[in-house]
Structure formats: C-alpha cells, structure tokens
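Reader: Hi, thanks for making time. Could you walk me through this one while I have it on screen?

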Amino acid sequence: MEKKKQADLPVTSLLVAVRNEANYIKNCISSLQSQTYPQDKLEVIILDGGSTDGTDQIVQSLIKGHPNFKFFDNPKIIQSAAWNFGLDICSGDIISIVSGHVTFAPDYVSKAVDTLQRTGSDMVGGTIRAVSETRVGQAIALAMSHPFGVGGARHRYTDREEETDSVFMGFSRRSVYEKIGGYDEELVRNQDDEFSYRLSKTGGRIICNPEIVSYYHSRSTIKSLWQQYYQYGFYKVRVLQKHPGQMRPRQFVPLAFVLGLILTVLFSLITSWGWIVLAGMVGIYTLANLTASFLIARREGWRYFWLLPLAFATIHLAYGLGFLVGLFKFWNRWKR
C-alpha cells in the first residue's frame, strides 16, 4: 500500500537560485537531500548566477551521486531569470522556487505537496522563519518576523493555515505557470510578490500553512539589511505600476514615514512650528519602536533590546527611501 501511495505522488521540481551562497549552500543542499518525499519523485535544479566565492564548486561536489540533482549556470545572474530557465527545463508536475539562503525541515516538500492537493489551491507555502548565527542577525530575524517590522504580511508570522496574498517560496502546479507565465526579469527584488499579484488577479487562491517549515538565514549586518530593504522598496514601485489594484495600504506606510520626515525637516528650516511637528513624529515612532522592541526582548531575551530598534528603523527607512527613489527613477513607466 505504501509503495502504491508513493507511486501516485506527483513529480515535484525545486528551482534553486544561488549566487555567492558558500556560507549556506551546504546546509541547503543537505536538507533537500534529506527530504522524506521520495527522491525518485523529487527533481532539484540548482542555477548559479556567476558565483565568485566557490558556491558552484561546492554545489557540484555535493550533488555527485544524486542523479535527481542537476546544476546549471545562470548567465543572467538574477533570481527571476534563474527560475524562468528552470521552468523551461524542469519535468515536475508541481514546481517551487527556492532560495539558497534557506534550510528545510525533512518533511518540507511532503507537507507542501499534501497541502496543495488537499486544499485545491493554486499556490501554497510556509511562513518565513528567519534565523541567524550572530546576535545582530538574530535581532534582524526577530524584526523581520514581527508585525511592527513587516506590517500585515501574515505569511511572515501566521501560526495557522489561512489564505494570504503571498507565501514564502510557493509551490504551484505546472498549469499555473502555463496560464499566467513565469517571473518578471525586470525585477531584481519582489519577483515572487509580482507573480503572486498576477495569480491573485486571475482569481487564484494562495494558502499559507506554517507546517511547511523552512529556515531563512537573515542578513547578519545592519548594512546588508539596509541594502536588502532598499532594493525591496525600489523595485516595489515597478510592481505598483504594473499591478496598482493589488497593492496593500501597509506597503505605503514606510514611504509615508520617510516623506513625512523629509517634509517636516524642510518645514522646520523655514517655520517655527516645523520642529514641533518633527519632534512629534519622531517621538511617536520612537515610542512605537521601543514598545515593540521591549515586548520582543521580554519574550526572546534582553540582549536584543538595544539592537531591535535599530533593525526596525533600518527596515522602515531603507524600504521607504528605496520606494521614494524608485518613484523618481521609474516616473515615466506608468503606462508600460
């Protein structure tokens, strides 16, 4: 009976986009090789975007003796191009995108395939469980997993199965890609969000199941966190221009905050009341930031208390500034 059940399982392809992931790729590949999903039903395609830290050599040594693991170069470098190439060459009936920055629970694929078949939805995925080996990175991970840091993006922290507007590394049937196409190669960031917007626009259902467990290794420095969220904000402008009806109010809050700071600073230079407004805005934000940081530190450990406010502020300011710069950069693309 068990053999018959395994024989009925669909072939599932995982498209792993990597570039300079030498610190994380071994755990990523090892966790995929340890999946409880039958290996003869699992295809893993690793696509390397010109790594310069030896990631490609590490991958090729790890996948020797594993015929279901395949390695290809991605000359276009970016993730969306890697995933599109993978879509063209993979053989799976179910397909998922994967980041090389992630480690997976043994039943990750099994849970995802079961959820997709059980719910009849168009895409499924798990929550983002951010982890790190350093104290700064751990504070960043906590900030990225809290509503104050990421707003109402429930796929980042929900503890129950529910319908959401996006998921982390979604699983979909091949027919979904045949219907709405692949990933937008104009986008360096937010490619998966843009795909989810198109899917929702056609009436597709997206289910987040926290039992689909993976661990995302968050950025370990404030500088790298700033760069990440600046790009998120910057390229979110193109998503807005292409899918204005799918944007959520929470996605404009960092922009409004940054604009408010800039305007109140300017007003404070020419009016006597500008400093009062600026102080009030900064004071309210600081109070909210410290309150969220206090509540997290009380639960997770006081060693994070002075790092969390910095992580939260970096996420909000970098995203908001990136969004603002993107509005100027892409001002003439609204009709494209």
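Reader: Let's begin with the open sheet of 8 strands: what order do the strands come in?

Author: Happy to help, and please keep in mind that this is a predicted model. The order is β3-β2-β1-β4-β9-β6-β10-β8, and the pairing is mixed.

Reader: Which are the edge strands there?

Author: They are β3, residues 69-73, and β8, residues 162-163, and each of them pairs on one side only.

Reader: How does β8 pair with β10?

Author: In the antiparallel sense, over 2 bridges, with β10 covering residues 206-208. Within that pairing, Glu 162 stands opposite Cys 208 of β10.

Reader: Cys 208 caught my eye. How many disulfides does the structure hold?

Author: The number is 0. Cys 208 is in no disulfide, and the nearest cysteine sulfur to it belongs to Cys 28, 19 Å away. A disulfide here needs two cysteine sulfur atoms within 2.5 Å.

Reader: Is Cys 208 buried or exposed?

Author: Cys 208 is buried, since its relative accessible area is 0%.

Reader: And Cys 90, which cysteine sulfur is nearest to that one?

Author: Again that of Cys 28, here at 17 Å, and Cys 90 is in no disulfide either. Cys 90 counts as buried because its relative accessibility is 8%, and the cut-off for buried is under 20%.

Reader: Okay, on to the open sheet of 3 strands. What is the order there?

Author: It reads β5-β11-β7, with mixed pairing. β5 (102-104) and β7 (129-131) are at the edges; each has a single partner strand, so one side of each lacks a neighbour in the sheet.

Reader: How much are neighbouring strands of this sheet turned against each other?

Author: By 30° on average, with direction ignored.

Reader: Which way do the strands run in each pairing with β11?

Author: β7 and β11 (residues 214-217) run parallel and are joined by 3 bridges. β5 pairs with β11 in the antiparallel sense, also over 3 bridges.

Reader: Which residues match up across those strands?

Author: On the β7 side, Arg 129 has Tyr 215 of β11 as its bridge partner, and Ala 130 stands opposite Tyr 216. On the β5 side, Val 102 stands opposite Tyr 216. That puts Tyr 216 opposite a residue on either side: Val 102 and Ala 130.

Reader: Nice. Changing topic to backbone angles: what is phi for Met 169?

Author: Phi of Met 169 is near 55°, a positive value in a residue other than glycine. For context, most residues other than glycine have a negative phi.

Reader: Where is Met 169, and is it buried or exposed?

Author: Met 169 belongs to strand β9, residues 168-173. Met 169 counts as buried because its relative accessibility is 4%.

Reader: What about Asn 190, what is its phi?

Author: Asn 190 has a positive phi too, about 65°, although it is not a glycine. Asn 190 sits in the loop between α8 (174-180) and α9 (191-201). With a relative accessible area of 5%, Asn 190 is buried.

Reader: How many cavities of 30 Å³ or more does the count come to?

Author: It comes to 1 cavity. The largest cavity has about 40 Å³ of space.

Reader: Which residues line the largest cavity?

Author: The lining is made up of Ile 97, Met 123, Val 167, Gly 170, Tyr 183, Asp 192 and Phe 195. By class that gives 5 nonpolar, 1 polar and 1 charged residues.

Reader: Last topic, the helices. Where is Ile 284, and is it buried or exposed?

Author: Ile 284 lies in helix α12, residues 274-300. Its relative accessible area is 64%, so Ile 284 is exposed. The C-alpha atoms of Ile 284 and Gly 260 are separated by 13 Å, and these residues are 24 apart along the chain.

Reader: And Ile 270, which helix is that in?

Author: Ile 270 is in helix α11, residues 253-270. Ile 270 counts as exposed, at 67% relative accessibility. From Ile 270 to Gln 227 the C-alpha to C-alpha distance is 33 Å, and the two are 43 residues apart in sequence.

Reader: Great, that helps a lot. Thanks!

Terms used: Residues numbered from 1 in each chain as written. Predicted model: local features only at pLDDT ≥ 70, side-chain atom pairs only at ≥ 80, totals over all residues. Heavy atoms only, no water. Buried < 20%, exposed > 50% of the residue type's maximum accessible area, 1.4 Å probe, protein only. Helix = DSSP H or I, 4+ residues; strand = E, 2+ residues; numbered from the N terminus. 1 Å grid on protein atoms, 1.4 Å probe; cavity = no way out; pocket = protein on both sides within 12 Å on 5 of 7 lines; lining within 4 Å. Points joined across faces, edges and corners; volume = space filled by probe spheres on them. Nonpolar A, V, L, I, M, F, W, Y, C, P; charged D, E, K, R; others polar. Pairing = 2+ DSSP bridges. Axes fitted to C-alpha atoms, helices over the stretch in contact; angles between N-to-C directions.
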